Amino acid sequence: MLQFRRTFETEKLQLQELNKRLSQYLSRVKQLEQENAFLITEIRTIRQQRTVEGEHQHMAELRELRKTVGQLALEKLWREFQLVQALCCEESGVCKDIHGDMQGC
């Protein structure tokens, strides 16, 4: 009976030790799960900030490009206006010459 009692006590201590280790293991798993959840939240936040910042940067660049295109379009229109004005002056001069030649006839 003493042998049986000793074996029972030994097994009881082993089970207590195993339970303690299991409890520590489960506690560590829970801690790591919480850390992972926090990191996932942090990563999502950073990604959203990058997206927003990138969007603002792209919008600013787009505004600048539109401004440049607008300026270039105005410059092109101005050059075309000057060309048309020069052609009108030339045509007016030719018309005056023709009118003068016709009066001389």
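**Exercises on a one-helix chain**

R5 sits in helix α1; helices here are DSSP runs of H or I with at least four residues, strands are runs of E with at least two, and both are numbered from the N terminus. This is a predicted model, in which local features need pLDDT of at least 70, side-chain atom pairs count only at pLDDT 80 or more, and totals for chains, interfaces and linings use all residues. Residues are numbered from 1 along each chain as its sequence is written, and side-chain values use heavy atoms, with hydrogens and water left out.

**Exercise 1.** Count the helices and strands of the protein chain.

*Solution.* Start with the totals: the protein chain has 1 helix and 0 strands. Next, find the extent of the helix. Helix α1 covers residues 2–104. Then place some residues. R5 belongs to helix α1. Y25 lies in helix α1 too. A86 has its place there as well.

**Exercise 2.** Sort R5, Y25 and A86 by exposure class.

*Solution.* Fix the classes (buried is under 20% relative accessible area, exposed over 50%, partly exposed in between, with a 1.4 Å probe and protein chains only). Take R5. Its relative accessible area is 56%, so R5 is exposed. Take Y25. Its value is 54%, so Y25 is exposed. Take A86. Its relative accessibility is 43%, so A86 counts as partly exposed. Finish with the whole chain: 1% of its 105 residues count as buried.

**Exercise 3.** Find the C-alpha separations for R5 and R50, and for A86 and R6.

*Solution.* Begin with R5 and R50. They are 45 residues apart along the chain. Their C-alpha atoms are separated by 67 Å. Move on to A86 and R6. This pair is 80 residues apart along the chain. Here the C-alpha separation is 118 Å.

**Exercise 4.** Set the radius of gyration of the protein chain against that of a compact globule.

*Solution.* Work out the reference (2.2 Å times the number of residues to the power 0.38, with the radius taken over C-alpha atoms). For 105 residues, a compact globule would come out near 13 Å. The protein chain has 45 Å instead. Now check the spans. Along its principal axes, the C-alpha trace extends about 150 × 15 × 5 Å.
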